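Visitor: I would like a close look at a single part of this molecule, explained slowly enough for someone in the first year of study. Could you take me through that part and what surrounds it?

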Amino acid sequence: MEQRLEIRQRFTLAHEIIHTLFFNSLSSPPTPLKETPPLRVLEFMSQLGARILLVPGHLLRKSIGDRFINADSILQLSKEFQVSAEVMVRRIDKLERLRRLQLAVVVAESESENADAKIRAVCYHPTLRPILARPKLFTNLRAWCGDYLDDKFWTEASWERSVRKDAETIRLRKVVLSNERHTFLLEIEHVSSHAVVSR
Ligand SMILES: [Zn+2]
C-alpha cells in the first residue's frame with residue numbers, strides 16, 4: 001500500500017509540476033499565461049507531461065536495452081521508474097518501435113459485477129492488426145477480444161491460453177498486479193501463421 005501511494009503521489013506531483021509551466025512564475029503570485037489552453041486540454045497535457053517527466057524517452061530506451069517487451073518486463077520497468085503499469089504501457093506505446101512484432105499488452109481494470117474490464121492503457125504493434133485492431137482506451141475488454149477469452153479468464157489471477165483461429169495461433173496471458181488486484185495486464189501475441197493461407 002505504501003508503495004502504491006508513493007507511486008501515485010509521484011504522478012500527482014509530476015502532474016502539478018507540468019501545470020506550473022502554464023503560469024507566469026515571474027509575477028507574484030504566479031498568474032496563468034495568456035495563451036493557456038482550455039481546462040480539458042490543460043489536464044490532458046498535464047497527464048501526458050507527467051508521464052514524460054517520470055519516464056523520459058531516452059532513459060526508457062536505455063532501460064529497455066535488449067529486453068523484450070512483455071507483461072513481465074513492463075512490470076520490471078514500472079518498478080524501476082516507480083510508476084504504475086498503466087503509465088509504463090502508455091510510454092512504451094509512444095516509443096517509435098516495440099522490439100517485438102505482433103504483440104499487444106493492455107492494462108485493464110476489472111469490473112467484477114459484469115465479468116468485464118475497462119481498457120486503461122495499451123501498447124500495440126501494428127503488425128497485430130490482421131488479428132486484432134488496436135483497442136480504444138476506456139472501452140470494454142470483452143468487446144475487443146472476448147472471443148479469445150474463456151470463463152476462467154475472468155476469475156483467475158494468472159491465466160494463459162493459446163487459441164487457434166483459421167491458420168493463426170494467438171497466445172494470451174493474464175497477469176494480475178500484486179499491488180492492485182483489480183488491475184491486470186493482458187499480453188496478446190500472434191505466434192504463428194502459415195506463410196500461404198488457402199481458403
Ligand atoms: Zn490537473
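Guide: A residue is called buried when its relative accessible area is under 20%, exposed when that value is over 50%, and partly exposed in between. Please keep in mind that this is a predicted model. Let us look closely at the zinc site and then at helix 2. The zinc ion is coordinated by NE2 of His15, NE2 of His19 and, through OE atoms given twice, Glu43, at 2.0 to 2.4 Å. Along the chain these donors follow the spacing H-x3-H-x23-E, and the pair of His19 in helix 1 (residues 2–20) and Glu43 in helix 2 (residues 39–54) links distant parts of the chain, 24 residues apart. The angles among the 4 donor atoms run from 55 to 136°, and the site is irregular, because four donors count as tetrahedral only if all angles lie between 85 and 135 degrees, and as square planar only if opposite donors are over 155 degrees apart and all others between 65 and 115. His19 counts as buried because its relative accessibility is 12%, whereas Glu43, with a relative accessible area of 31%, is partly exposed. Helix 2 also holds Met45, which counts as partly exposed because its relative accessibility is 35%. Together with Val41 and Phe44, Met45 forms a nonpolar patch on the surface, and the three have about 270 Å² of accessible area together.

Technical notes
Residues are numbered from 1 along each chain as its sequence is written. This is a predicted model: local features need pLDDT of at least 70, side-chain atom pairs count only at pLDDT 80 or more; totals for chains, interfaces and linings use all residues. Side-chain values use heavy atoms; hydrogens and water are left out. Donors are N, O and S atoms within 2.8 Å of the metal (3.2 Å for Na, K and Ca); water is not among the atoms, so sites may look incomplete. Four donors count as tetrahedral if all angles lie between 85 and 135 degrees; four count as square planar and six as octahedral if opposite donors are over 155 degrees apart and all others between 65 and 115; anything else is irregular. Helices (H or I, at least four residues) and strands (E, at least two) are DSSP runs, numbered from the N terminus. Buried means under 20% relative accessible area, exposed over 50%, partly exposed in between (1.4 Å probe, protein chains only). Patches are made of residues with over 30% relative accessible area and no salt bridge: like charges are joined within 9 Å, nonpolar side chains (Val, Leu, Ile, Met, Phe, Trp, Tyr) within 5 Å. Accessible areas come from the Shrake-Rupley method with a 1.4 Å probe; for residues, only the protein chains shown count as cover. A salt bridge is a side-chain nitrogen of Lys or Arg within 4 Å of a carboxyl oxygen of Asp or Glu.
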